[in-house]
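User: I am new to this structure and would be grateful for a close look at a single part of it. Please describe that part and then place it within the whole.

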Amino acid sequence: MLLVRNIRLPLSCGEAEAIRKAQKILHLPADRAAGCGVAKLSVDARHGTPVLVYTIAVTLKDEGEESAYAGASPCVAVTRSPRFDFPVGAVPLADRPVVCGLGPAGLFAALLLARHGYRPIVLERGPALEQRVAAVERFEQTGLLDPSANLQFGEGGAGTFSDGKLTTRVGDPLCAFVTRALLDHGAPADIAWRQKPHVGTDLLRGVITSIRREIERLGGTVHFNTPLTGLRVQNGRLAAAVTPAGEIPSSRLILAVGHSARDTFSMLHRMELPMECKPFSVGVRAEHLQADIDQSLYHAAAGHPALPKGEYQLSQHVGERCVYTFCMCPGGRVMAAASEAGGVVTNGMSYHARDGQNANAAVVVSVDGRDFGGDPEKAVAFQRRLEQAACRAGSGLAPYAAPAETVGSFLEGRGRLELDRVQPTYPRGVTPCDLGSLLPGDLADAMRAGLQAFGRKLAAYRAPDAVLTGLETRTSSPVRLLRGQDLQCAALPGLYPCGEGAGYAGGIMTAAVDGVRCAAALMAQNAPPPG
């Protein structure tokens, strides 16, 4: 396949014009092409009027001619679709492997194992997706929290109730494996070529369920409402997974529990398995009018139908800390993401259409092991204290209401919610609060400095009526479970710490890739179990 890059066109031109320009660059007769299409599309709005930047993929009827056309221009390259060969060990496993967690990491680990005949047993502490959605809706409407069925736990993991963003800076070839699987199970075709691909919360649910059903069709077994409560060790090696329903004998377990499995972290800590503090971040959710974001990015072209909803990513170093935006959700809403009684946690989501009035993003400041004396338990306790303080501050209106403050007030430390154009979308309601008082003083000061810097970079952040809702504490896992070059826990052979919860990923795509990587490492050592 030939890739013709950097085809820059005005907004009035579309895919057909980009293809014609690609064929012209290649000097390619129309009868030699087998197919042409968009491989990547981005928007360059750096210099005033935005332009569309296409990469066009061209396949030839005679693949042997590709090299002859590759030299037509510096922007032309030959590429081959990646082939994924996963070696399989010679000695069969005695028992079926266990995958703990059905978020992106566990889902894709189980998928790869199932496709190669390993018939994995999957443990998920929460329910199947339909019951999970019902529990989330019930919590939003009534404040009745189910600690096992919420935005953090259940089929699909925390990413299920997000934007379904697949953007990653990781150039791992396994990203293509994940994308192909998502497409095979109904994800929108444009995730293959969008600069910032996203599935959307509404469509992602069907994709997740479809992948889980493939795992089951191939002999895998999924146990919902079944948390991992312990590990049995025999002769220094993993022997079984312990659950409330009993033990599951297995010498291989992929641990993909997600960033909020605090009880699992404690269990592993009691077993003295090696773990360390990992950098993470805490802060608030910032809501702006989506129209203001579009205007800030696209200027006079804002609202043009060829342009996607405006997205941004901002960062500012303040002393030794970094203040940055995270998980930006165009046209979305702020979510109630608590998973423990007595704690308020915020997150963000949007549907595939991204047609909500507001945009939201986490605005967070970094913390690391130096803040907690290198003690992972203190890092988890820090998160919990912030969430409980947010719950107390917001509880005047309704159970699990969230504290909120407008940006102008926060910058001046006035503790006011002076609503105007931007109306908060947090479903449990918001209570006016001095958000700075909920954070340690140096973090609050860093947040203020960061917001002021953002205002110099993006006009929307100068709007005093933008709404901050708190607190955002689950940006990533606060701990890392140490593993060796073979991806196994050095202190417990057979245990594969995996994904975001184990400290090796940061988002849907990187978690899914790490799940595939851990499953491949397991497969390389052993053949499937008999039967």
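Analyst: Gly186, with a positive phi near 105°, follows helix H5. The model is predicted, with local features requiring pLDDT of at least 70, side-chain atom pairs pLDDT 80 or more, and totals using all residues. Numbering starts from 1 along each chain, and side-chain values use heavy atoms, without hydrogens or water.

H5 itself spans residues 174–184 (helices, H or I, are DSSP runs of at least four residues, and strands, E, of at least two, numbered from the N terminus). This helix is mostly covered, with 8 of its 11 residues buried (under 20% relative accessible area with a 1.4 Å probe, protein chains only; exposed is over 50%). The buried residues of H5 begin with Leu174 and Cys175 and continue with Phe177, Val178 and Thr179, then Ala181, Leu182 and Leu183.

What do the buried residues of H5 pack against? Their partners are three helices: H3 (104–115), H6 (201–217) and H12 (508–525). Contact here means heavy atoms within 4.5 Å.

H5 belongs to a protein chain with 12 helices and 25 strands. Across the 531 residues of that chain, 58% count as buried. Where contacts in the chain join residues at least 6 apart in sequence, 74% of them link residues at least 24 apart. Along the principal axes, the C-alpha atoms of the chain fill a box of roughly 70 × 65 × 40 Å.

Another helix pair can be described residue by residue. From H7, Arg262, Phe265 and His269 meet Glu377, Val380, Gln383, Arg384 and Glu387 of H9.
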